[in-house]
Structures are given as C-alpha cells and as structure tokens.
Amino acid sequence: MDEGKYLILTSGVNLNLESTLLSGQAHRWKIKDYWYEGVIAQNLIHIRDSDLGIEFYSAPVSEGEFADRLSDYLGLGDNLDLIYQSISKDVQISSAIKKYTGMRILRQDPWECLIAFICSANSSLIRISSAMETLSENFGQRITLKNKARYTFPSAHVLAEAGEARLRQLKLGFRAKYVSKVAEIVSEGKIDLMELKHLPYDEAKEKLLNLPGVGDKIADCVLLFSLDKPNAFPIDRWVKRALEDWYSIKLFNYSKIREWALEYFGEFAGYAQQYLFHQRRLQQL
DNA sequence: TCCTCTCCTTGCTT
DNA sequence: AAAGCAAGGAGAG
C-alpha cells in the first residue's frame, strides 16, 4: 500500500462488506483479490476490509473528498443495534442477523437503482449485473483507478437517445421498452426521483407505480435501496417462499403481505426483508 | 374491484 | 438435451 493514499473509513463499525455489496441490492460490484471494485456517483471505488477498518481508493474524486459520500452510500448512519433490536421477532430472523451481521441497506442513486430493478424483472442477479455493465460500457463515461477502467452509469438523457431497438440489441429483452420509456420520462423532467426522498412512503410509491415496468415489488426495491424508506418491504420469489415456509403466510395479496410485515417487523421491516432474502437465496431452497 | 392466467427475452442450470 | 428457473409487470378475462 502506498501510505497516505487510502483512508480508513471506519474502525470498529459493524459493516459486513461482502453481504452488503453482494446481496442483490447493487449490481456493479466485482471482487478481486479481496478488493471490491464498483462505481458510485461517477467515481470508481476500490474498497476492502483491513485490520484497521475499511480502506478505499477513489477516482477521479479524491478519497478525502469522497469519504462522506461513501459513508452515506454504505448506510453507516443507520444504527444497526437499534434496528436489530427492533426487527428481531423470532428465531428465523435472529439467526439470519447473526449469520450476516453487519449487512446494511445501501443508499444508492435512485436513477441507477430504478433501471437496475426494472432490469431485474423475471431475471437473475447475474443477468442484472450483466445488463447494468453493458449499459455502462456502451453509454457511460470511461473512468480509471490504479490502471483499471470501468464506466459510469449513463444518464437518463443518454439512455433515452439510445432508443428501445438499441437496448434490445444489448439483450435487455422485453425490459428494453420499459427502460427506454422511463429514460424518456425522467430526462423530460416528468418525474423528479430525488424529490421522492422527501415524500412519505405512500406518495413516493404511487409516483413510482406510474412508471412503465414498475410494479409493487420494483417500486419497493427503489424505495428501500435508494429513497430512504426502511419501511418498504419488497416481496420477490425468495421472500415469498421464506414467508410461506417460515411464517405460514398463505395469502398472495402483495399489499396485505406488506401490511403484515410492517405490523410484525415494525418501521425497519425493509431491513428484515433483506436478511430474509439473503438467507433464503444463499440457502438455495 | 380484485383475482388468476399467460406472455414476455435471454441465458444459466439440471 | 429439453425443460426449468431467474429480486416481475402488463394485459386479458
């Protein structure tokens, strides 16, 4: 290590980098020789655990200037002890918390998060990553760090100009139409994604549901992973199975299941969802 | 209004 | 190797 080049972001903070970055919340993180390599807000980041805490490199913005933004992205402002205490309602969730302790809910860029989860429809984590990487390589800006290159995630304007046909060529499948239309809507300013952070859950969700290709589940993902709504509770195949097998939930009405989850797990139900999802998916049942 | 069924792209898995 | 499956949504009935 070149001394002084990296920054110890945290020391003694409960952060599980692997579970946080590779649990299906964000889709552009790659691990190489214990370093996680990803792109956050037009910046290339290399980050890893060390004995002293979390260390990282960033470019083009310097480590010192990017530290606060990175802390925010990683959700380090969340009080995990308080959240664990709030959602630990039973053995299932408690064991998941124990197993993956330090997994945090990310605070991603809403635009990138929205497109990622539109691409997640009837897809797989590998394929979502592939789509996000393809979009970046074709329409993003090249950035480098320590002799390695990646590409920024493209703006709504650029994706709108690309058009549906081009996106289909890049193998987005039936999602190409949704990505294209949403890019148009956002670039024309018909919805302000950042503004949704300041609205209550119900109002923000209603606006997201108006977008083509966005239903209950994808809207909840965007609300939870990028719009500061810890009470969003995305219900996908894995979570549905977990709720059926571990909680004997039989009803398939999305809104009613979410109401149950909010009642049962409380205001941080979204965190409970992430632990149930991660546990269930890695368990491969 | 609300539920259920089918279709939609592609690629990895079994 | 054909079929199943993957962080779903839209439209029809």
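Start by selecting chain A and colouring by accessibility: 52% of its 285 residues count as buried. Keep in mind as you go that this is a predicted model.

**Chain A as a whole**

Switch to a cartoon view. You should find 13 helices and seven strands in chain A. The radius of gyration is 19 Å, close to the 19 Å that the globule rule gives for 285 residues, so chain A is as compact as a globular protein of that length. If you want a box for your camera, the C-alpha trace spans about 50 × 50 × 35 Å along its principal axes.

Now turn on a contact map if you have one. Take the contacts in chain A between residues at least 6 apart in sequence: 66% of them join residues at least 24 apart.

**The cysteines**

Next, select the cysteine sulfurs. How many disulfides does the structure hold? The count is zero. Go to C119, which is in no disulfide; its nearest cysteine sulfur belongs to C113 and is 12 Å away. C119 counts as buried because its relative accessibility is 4%, under the 20% cut-off.

Then move to C221. This cysteine is in no disulfide either, and the nearest cysteine sulfur, again that of C113, lies 7.2 Å away. With a relative accessibility of 2%, C221 counts as buried too.

**DNA strand B**

Hide the cysteines and show DNA strand B. Which residues are around it? Select N122, R127, R168, K171, G173, F174, R175 and N253. Of the strand B atoms that come within 4 Å of the protein, sugar and phosphate account for 64%. Colour the surface near strand B by residue class and you get one nonpolar, three polar and four charged residues.

Three stops are worth a zoom here:

- N122: an N or O atom in its side chain is 2.7 Å from a base oxygen of DNA strand B.
- R175: here too a base oxygen of DNA strand B is the partner, 2.9 Å from an N or O atom in the side chain.
- R168: a polar side-chain atom lies 2.5 Å from a phosphate oxygen of DNA strand B.

**DNA strand C**

Now bring up DNA strand C, which has 27 residues around it. Which of them come nearest? Pick G24, S123, L125, W238 and Q273. Sugar or phosphate supplies 59% of the strand C atoms within 4 Å of the protein, and bases supply the rest. By class, the surface near strand C divides into twelve nonpolar, ten polar and five charged residues.

For the individual contacts, show backbone atoms first. At S120, a backbone N or O atom lies 3.4 Å from a phosphate oxygen of DNA strand C. At G213, a polar backbone atom is 3.0 Å from a phosphate oxygen of the strand. Then turn on side chains and centre on D236, where an N or O atom in the side chain is 3.2 Å from a sugar or linking oxygen of DNA strand C.

To finish, highlight the elements that give two or more residues to this surface: α10 (216–226), α11 (237–247) and α13 (269–283). Which one gives the largest share? Select α10, which contributes four residues to the surface near DNA strand C.

Terms used:
Residues numbered from 1 in each chain as written. Chains lettered and ligands numbered in written order. Predicted model: local features only at pLDDT ≥ 70, side-chain atom pairs only at ≥ 80, totals over all residues. Heavy atoms only, no water. Near = heavy atom within 4 Å. Polar contact = N/O pair within 3.5 Å; in protein donor to acceptor, adjacent residues only side chain to side chain. Nonpolar A, V, L, I, M, F, W, Y, C, P; charged D, E, K, R; others polar. Disulfide = S-S within 2.5 Å. Buried < 20%, exposed > 50% of the residue type's maximum accessible area, 1.4 Å probe, protein only. Rg over C-alpha atoms; globule rule 2.2 N^0.38 Å. Contact = heavy atoms within 4.5 Å.
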